Structure formats: C-alpha cells, structure tokens
Amino acid sequence: MYETISLECFYTSVIHIRKLTTLRASSEEVAEWISKGDPEETDGSGLLSDKENRLLRSQEATSSGSNAYLKQKSSSDQKTKYTFICECFSRTARVLNLGLVKAFPDFVHLVQDVSRCEDTLSTLKAIQGQAHSPDLNVDITRLEKAIELYTQEKLCYEAQILRDGELIQSALSYYRLMVVWLVGLVGGFRMPLPSTCPMEFACVPEHFVEDAMELLIFASRIPKALDGVLLDDFMNFIIMFMASPEYIRNPYLRAKMVQVLNCWMPRRSGSSSATATPFEGHQMALEYLVGNLLKLYVDVEFTGSHTQFYDKFYIRHNIAELLEYLWQVSSHRIVWRLLRKRRWVST
C-alpha cells in the first residue's frame, strides 16, 4: 500500500496544502521541489490551467469531438499519476486536521470555560449572601445561562470524541499508517538516521506529525482508549525524530513527542501494560531513548521563540520526569551507566 502513496499527491490534490508549514523545508524549497515533479501544463494543483479550462468550455459549447478527447486525456493523465488510495490518504489527513484533531483543543478550552464560570458563580453567590444587589443578580443569571449553554456543548463533544471509542481507534490506526509511511521516506525503522534529510520528508506538512501526537496525548487521557493499539511504531517514530532537528526543525513539535511519552508513563496511565511495554520491552527504546532525551534536553536551550526562557523549563521538566522513571527500569539503568562510562572515556 505504501508504494501507492506519494507526497506529490498531497501537493497536487484539490485540497491545497502548499501554504502549510513543513517539517524542514522552506517555502522556496517546497516550490522548487514541486516544480521539478509537476508537468508544465498544470498549475501545480493537479488541475488544468485557467486557459485550458476556458478552451474546454468553449469546445464543450460547440459539442466538438475534440472536447471529448481532451476530457478523456485529462482524466487519464490524473488516473495514471495518482491512485485512489493516495487520494483517500491525503484527503483523510486534511479532514482529520480540520475536524477531529481540531476538536481536541476546543473541547479542552470548553471544559476550562465551564470551570471558570462555575468558580465565578460560586464567588458571586457567596457575595450575594452578604449583600443584595440588582446588578449582582443580573450577573448571576447571566452566568447560570452561560454555564447551561456551555454544558450542553460539552456533552455534545463528550458524546462524539470521548464515548465513541471506535472513532478514536480508527484515527489511531490511520496515524499509525501515517508514521510508518513517513519513516519509509527516510529508509525505514533504523538508527542512526541518514545524515541528509530527504527532500520528500522535508516537504511533509508539519501538521501530519503534530496531529498524530495530539491524538496520542488525548487518547492517553481516555481510560482504555489505547488498549489493543500497537504503540511500537509510534514509539519508534518518536525515538527516531525527537532529537533530530535536521529532520524536524520545530523544537516545540519535538517537545510534544516527549509529552506523549510522559502520558505513557505507567504511573500516569494507571499502570497499563499497553503503555508500559514500549518502555520496558522495546529494543530501540533500550538503545536510544535515554541518549536522545538527554540530547533534546540540551537542544531546547534555544527554541527560537520570544517565550523560550519559560518554555525550556516546562520541556525540561517533562524530560526530567521521563529520565527519573527510566532510571527505575533496570534495563534502562544499564544504558545510563554505559553512557556515563562512554562520557568518562571521551573526556
């Protein structure tokens, strides 16, 4: 299946993604890469240019036989270049980004709004018991109405994304295929990574990876949502790229991978065997996880953001918690000692 999926399909699909931030490439590099692969007769969107569309419409009006030939040729060209699976895969990525994944932060913000309104309402009612005021009564009525509306909306979100386990499971299955495909662009699940990032991987929209991480974080907070889910591919992906700025430029995206691992720590996820296994019985984790976490701990010193001074403390706190947990796992403790010995020898 993965052989039928090409990144060019994403950029020439009817769903435009050219203006999206990529994992590594600049907009100029993306434009140059697309121009090398796109036919000259198209405008880069996978469709005929405006001039050719006008020609087709004019020929359609005269019902000429050449119009049918052009239509057949245009359809044939697209079918030979992009498969049905590729089109479905690319559109699913955008649909999930604009729909399900966007609903996660919206739901979290909604829960926070309800909590703030309830706290404010409790404060106002306490004040009302001490002194009656018409304005205070109006504020209380307004807050009660707002809480009612927020609660209704919150219940709708819960019914769709919290109680529909099949939807979350299907999304997890899709993003597992996504990370396997992405890893295939760099040669498969093996370390170390090639010294040069392939342009096809560099041009991948950033939200492909970010959406996968957001889904894993959200699903980790839902009881039993990860039961039966194969996490090995996700773990491999995270280990490979979280300390690789040559492949994923955005330090916050790599820090989000650490956040996923934090959610998987057994004491965070209720000692679930589904999340404990990737840490304790995973070969790539045993070889590279501790070292890559230490590398990322250093790399986040400069995030490039105006809030980097504060951000690095939050990111390093998550890394420190992970390292503390890994020290308690005997197999990882051996790696710690090997790293220390290697460092002592090198100095």
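**Figure 1. Ring pairs link F89, Y174, Y175 and W181 into a cluster.** This is a predicted model, and this first close-up goes straight to its aromatic side chains. The structure holds eleven aromatic pairs. One of them joins F89 and W181, an edge-to-face pair with 5.8 Å from centre to centre and 70° between the planes. F89 belongs to helix α5 (residues 84-98) and W181 to helix α8, so this pair ties together parts that sit 92 residues apart in sequence. Are these two residues buried or exposed? Both F89 and W181 are buried.

**Figure 2. Here is a closer look at Y175, a member of the ring cluster that also includes F89, Y174 and W181.** Y175 has its place in helix α8. With a relative accessibility of 2%, Y175 counts as buried; the cut-off for that label is under 20%. Leaving out residues up to four places away in sequence, Y175 touches A93, L96, N97, V101, F208, D211, A212, L215 and F234. Take A93 from that list: Y175 and A93 are 82 residues apart in sequence, yet their C-alpha atoms are 8.7 Å apart in space.

**Figure 3. F237 and F241 make a tilted ring pair.** The ring centres of F237 and F241 are 4.8 Å apart and the planes meet at 50°, so the pair falls into the tilted class. Where do these two residues lie? Both are in helix α11 (residues 232-241), four residues apart, which is about one turn of the helix. As a reminder, an α-helix has 3.6 residues a turn, so residues three or four places apart point the same way. F237 is buried, and F241 is too.

**Figure 4. S244 sits in the loop between α11 and α12 (251-264).** Loop or not, S244 is buried, with a relative accessible area of 9%. Which residues does S244 touch, not counting those up to four places away in sequence? The answer is L193 and R254.

**Figure 5. Two charged side chains sit over aromatic rings, K312 over F313 and R333 over W327.** For the lysine, the charged end of K312 lies 5.7 Å from the centre of the F313 ring. For the arginine, the charged end of R333 lies 5.5 Å from the centre of the W327 ring.

**Figure 6. Helix α7 covers residues 134-162.** Helix α7 has 29 residues and reaches 40 Å from its first C-alpha to its last, close to the 42 Å expected at 1.5 Å a residue. Its buried residues are L136, I140, L143, I147, E158 and I161. What do those buried residues pack against? Their partners are α6 (100-128), α8 (165-184) and α10 (206-220). Helix α8 will be familiar by now, as Y175 is located there.

**Figure 7. To put the close-ups in context, the protein comes to 16 helices and zero strands.** Of its 347 residues, 43% are buried. Among contacts with a separation of 6 or more, 76% are between residues 24 or more positions apart. The protein exposes about 19200 Å², and carbon and sulfur atoms supply 55% of that area.

Methods: Residues are numbered from 1 along each chain as its sequence is written. This is a predicted model: local features need pLDDT of at least 70, side-chain atom pairs count only at pLDDT 80 or more; totals for chains, interfaces and linings use all residues. Side-chain values use heavy atoms; hydrogens and water are left out. The expected span of a helix is 1.5 Å times one less than its number of residues. Buried means under 20% relative accessible area, exposed over 50%, partly exposed in between (1.4 Å probe, protein chains only). Contact means heavy atoms within 4.5 Å. Accessible areas come from the Shrake-Rupley method with a 1.4 Å probe; for residues, only the protein chains shown count as cover. Rings of Phe, Tyr and Trp (its six-membered ring) pair if their centres lie within 6.5 Å; planes under 30 degrees apart count as stacked, over 60 as edge-to-face and the rest as tilted. A charge sits over a ring if NZ of Lys or CZ of Arg is within 6 Å of the ring centre and within 35 degrees of the ring normal.
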